[in-house]
Amino acid sequence: MAVKMSQVKAALEVEEPRYDEAAKLGADALPHLKKLVTGDDPLLAAKATFLAGFIDAEGSSDIVAQAAQSDQVVVRVAAASSAANVTEADTAMYEGLLVDNDVGVRKAAVKSIGSSARGDLKPLVQELAQGDTAEPIRELAASTARGLKKPK
Amino acid sequence: MTAIDDKYAALGGPGGWLGQPTSGENTAPDGTGHYRHFTSGSIYWHPATGAHEIHGAIRALWSSLGWEKSFLGYPTTDESVTPDGVGRYNHFQGGSIYWTNQTSAHEVHGAIRGLYSQLGWERSFLGYPLTNETATPDGKGRYNHFQGGSIYWTPATGAHEVHGAIRALWSSLGWEKSLLGYPVTDETATPDTKGRYNHFQNGSIYWTATTGAHEVHGAIRGLWSQLGWEKSLLGYPLTDETKTPDGVGRYNHFQGGSIYWTPQTGAHEVHGAIRGLWAQMGWERSWLGYPTTNELTSPDGIGRYSLFQHGGIFWTPTGGAIACREVVRIHAKVLTTPTVPIAQSVAIMQEVYGSREIGVVLASTETLSLPTLNDVDVGQCLMGQTTGEQNTLFGNRNNVGTRDVAVYFVRSTNPPFNGCAAHPAGQPSCVVVQGATRFTLAHEVGHVLGLNHVNDNNRLMTGNGTANITNPPPDLVASEGQTMISSNLTN
């Protein structure tokens, strides 16, 4: 493993990580990120989640999916945000994030779906636009759904 | 036999000390009573008072005042020895005349006599009167001076005594013509029993054995009163209100501090180490100028600070008192309570910024319920570039002045950062996330004030993460301090 944990931490422990720069650590950083995602520092775990998605290599989606199951809300928010960067973000993961009991997670998930143009998830987003308990989420979901094209 | 004859007989008749009659019994000029003069005195009779003798200096004074037609009316007693055995007196329908060999005869009447009586007549600390009741020079009041003090009366204030050192100070200030006006209380023991005071129409004089008597008035007295008078941390005054050397303001020094006043700044107290440093710097003639606040507690409940016209003095148990030329005011807008308490982050910020003579004031704290902005999208977090969510969040600026910095404590950012200082023009702001370090607040506000990252883990603005700071508290170098002071966000 060419990349050391210390390098990964150094990239993430700064106040405002430059994820584009940190992503140059490449796929070798993913095992370290996987450890950090389940670590006891939620902020570092959130950063690790986001970086894993940003690297977008084989294994990234698993780390993001794992983060989506975290007990820590900020980690799930990061997973939802990071999903936009993962080429093969898991549909089941999105399904879970869209019904998360935290409004911040749902908001991040909808925005990720929108920015990654996941037309296959349009029905889920439309469902949210109809039934979410939070009006801002319903509005965001409706707006996002309008911009999504159903896959052919 | 008339009552006057009976009285004369009782006093020894022609062989008594009154001597031979020098007049017959006559109707008094007021037509209601009778009198008869004798070689050594007179006997006056009135149906309401009976017959009483009057003689010597007391009779002479009564005579000079107009006998029974004076405000004193008819005597209600013979001349009597005072209980202390030193003097003599006659009571009259409308007052009394007291005499001693030392003081001669003086009348007391009305409300002044009422208070004199209440205090114990000549056996009180006032002793015997030294004057008749006299009109004050301003024409509004009346007074009697006594051996041990004075009683002053006006229709508005009633009768009150002043004596001792308090009276001496009041006298030196010009009595009722001074700015203090008339007394509105007698001299009274302070609640702590260590001192004495009189309140006056426009101020007070406080005295203790150790401090002497000093007056306080106006806005300074108002603040001292508000703080708890002598029971406050200030204790008793050590000076009268005095003009400051620069001629602009006024002050009283107290046992535990000072109160300074100017028309522009109002009255504010300074005490303790902050006052010590201000005094050392030259009081109001220092670059700090006059205080604009009382001493305040920092949000951590430990530190203290006072703001001045041109800066502030900040005190912490570890750092002592530091004078700051500029102050940055921050407002906490709390969407999520951070793991490191805001007060702790502010205290650290004060310590670090204080090293460059920049004070930090947490001017307000407001809780915001904005669930959809609690994980706020900050984009790439580049100065000058903000997202719609940042713009919406930073629009919540209750109480935030145009030169203040609003800090939004959120749960997280997207992407995940410790904080982000990117803000729209004209809305100086930053966000700090729940899991940020104790230095993140100071770091992000540093960005707002114009500082950039450095590659040095000894410094606050390290770009390597404030979690990795190696010598807490971190440094701000001189050039960084200058940049911050040059910012229009430090005042």
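**Two chains and a sheet**

Hi everyone! The area buried between chain A and chain B is about 2000 Å², and carbon and sulfur atoms give 53% of that. Please keep in mind that this is a predicted model.

Let's start with who touches whom. On one side we have 23 residues of chain A, and they are in contact with 33 residues of chain B. Between the two chains, the count of salt bridges is four. One salt bridge you can look up joins the side chains of Lys111(A) and Glu389(B), with 2.8 Å from N to O. There are also 16 residue pairs in polar contact across this interface.

Which helices of chain A each supply at least two residues of the side that touches chain B? They are H4 (42-55), H6 (73-82), H8 (103-115) and H10 (135-146). H6(A) gives the largest share, five residues. Sorted by class, that side of chain A has 13 nonpolar, two polar and eight charged residues.

Now let's move over to a sheet in chain B. Four strands form an open sheet there, in the order S21-S22-S23-S24, with antiparallel pairing. Why do S21 (296-297) and S24 (320-324) of chain B each have one side without a neighbour in the sheet? These two strands stand at the edges and each has a single partner strand, so one side of each is left free of a neighbour in the sheet.

Further in, S22 (residues 304-308) and S23 (residues 311-316) of chain B pair in the antiparallel sense over five bridges. If you'd like a spot to find on screen, try Tyr305(B), which stands opposite Phe314(B) in S23(B). As a general reminder, strands of a sheet pair through backbone hydrogen bonds, either parallel or antiparallel.

Thanks for listening!

Key
Residues numbered from 1 in each chain as written. Chains lettered and ligands numbered in written order. Predicted model: local features only at pLDDT ≥ 70, side-chain atom pairs only at ≥ 80, totals over all residues. Heavy atoms only, no water. Contact = heavy atoms within 4.5 Å. Buried area = accessible area lost by both parts, 1.4 Å probe. Polar contact = N/O pair within 3.5 Å; in protein donor to acceptor, adjacent residues only side chain to side chain. Nonpolar A, V, L, I, M, F, W, Y, C, P; charged D, E, K, R; others polar. Pairing = 2+ DSSP bridges.
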